[in-house]
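Okay, thanks everyone for coming. I'll walk you through one structure today, so have a look at the picture while I talk.

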Amino acid sequence: TRVCTKDVEVSIPSGMVHIHKDDTLMVSTRCAHLEPDIFGDDADSFRWDRFLADDKKAPRKFTDRKTGHTIHHPLATFGGGTSACPGRHFAQDEIKITALTFVRNFEVELAFPEQPLPSRSPIPMTVELPAPGSEFYVKIKVCDQFR
């Protein structure tokens, strides 16, 4: 959120908006993330490759169709700056703890090791993931120390 420091008028598609000194302003990240002028007419649909360039090897650059401006950071999942989500580190730690607990407590192996592994995802990552739509089967069993 931000507090307006002076009276201003802002032009929006539906007309003029008057913002008064000391008004509190806030951007809805949900609305911003569903903006068709930035993310396309299917902004409300899940597309795993939306943020990849056409060659699927680099991040995609987004341009606002109305203004022509490049959007350098199109996602604000946890907000940013002084208004960043105070729970973001907790959420990220919970994901890491869950992954670590799974790896520590279970043995995972390919169900059919003779079959070739699926192709890798084009997204560069430290941990390789299979490309979306790939199928492979694994066996999961509880580690002996936890039986």
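**A charged pair between two strands**

Let's start with Glu107, which is partly exposed at a relative accessible area of 33%. When I say buried I mean under 20% relative accessible area, exposed is over 50%, and partly exposed is in between, with a 1.4 Å probe and protein chains only. Glu107 forms a salt bridge with Lys141, and the closest N and O atoms are 3.7 Å apart. This pair links distant parts of the chain, with Glu107 in strand β7 and Lys141 in strand β8, 34 residues apart. Lys141 counts as partly exposed too, at 39% relative accessibility. A salt bridge here is a side-chain nitrogen of Lys or Arg within 4 Å of a carboxyl oxygen of Asp or Glu. As background, side chains of opposite charge can pair when their charged atoms come close.

Before I go on, some housekeeping. This is a predicted model, where local features need pLDDT of at least 70 and side-chain atom pairs count only at pLDDT 80 or more, while totals for chains, interfaces and linings use all residues. Residues are numbered from 1 along each chain as its sequence is written, and side-chain values use heavy atoms, with hydrogens and water left out.

**The overall layout**

So what does the secondary structure of the protein chain come to? Three helices and eight strands. Helices (H or I, at least four residues) and strands (E, at least two) are DSSP runs, numbered from the N terminus. Along the sequence, the pattern reads β-β-β-β-α-α-β-β-α-β-β. Of the 147 residues in the protein chain, 14% are buried.

On confidence, pLDDT is the predictor's confidence in each residue, from 0 to 100. The protein chain has a mean pLDDT of 82, and 86% of its residues reach 70 or more. Among its elements, β8 has the highest mean, 92, and helix α1 (residues 29-33) the lowest, 80. Keep in mind that where pLDDT is low, the predicted coordinates should not be read in detail.

**More salt bridges**

How many salt bridges does the count come to? Seven, by the rule I gave. Two of them share Asp37. With Lys66, the Asp37 side chain meets in a salt bridge at 3.1 Å, N to O. That pair also links distant parts of the chain: Asp37 is in helix α2 and Lys66 is in the loop between β5 and β6, 29 residues apart. Asp37 forms a salt bridge with Arg65 as well, with the closest N and O atoms 3.8 Å apart. Here Asp37 in helix α2 (residues 36-39) is joined to Arg65 in the loop between β5 (62-63) and β6 (70-71), 28 residues apart.

Is Asp37 buried or exposed? Asp37 counts as buried, because its relative accessibility is 16%. Its partners are another story: Lys66 is exposed at 59%, and Arg65 is partly exposed at 48%. Add Asp41, and you have Asp37, Asp41, Arg65 and Lys66 linked in a network of salt bridges.

**A nonpolar patch**

Back to β7 and β8. Phe102, Val103, Phe106, Val108, Phe136, Val138, Ile140 and Val142 make a nonpolar surface patch of about 650 Å². Patches are made of residues with over 30% relative accessible area and no salt bridge, joining like charges within 9 Å and nonpolar side chains (Val, Leu, Ile, Met, Phe, Trp, Tyr) within 5 Å. The areas come from the Shrake-Rupley method with a 1.4 Å probe, and for residues only the protein chains shown count as cover.

Which element gives the most to the patch? That's β8, with three residues. At least two residues each come from α3 (88-105), β7 (106-110) and β8 (138-142). One patch member, Val108, sits in strand β7 and is partly exposed at 44%.

**Rings and cysteines**

The whole structure has three aromatic pairs. One of them is Phe112 with Tyr137, edge-to-face at 6.3 Å centre to centre and 85° between the planes. Rings of Phe, Tyr and Trp (its six-membered ring) pair if their centres lie within 6.5 Å; planes under 30 degrees apart are stacked, over 60 edge-to-face, and the rest tilted.

Last thing: how many disulfides does the structure hold? Zero, a disulfide being a pair of cysteine sulfur atoms within 2.5 Å. Cys4 is buried at 11%, whereas Cys85 is partly exposed at 29%.
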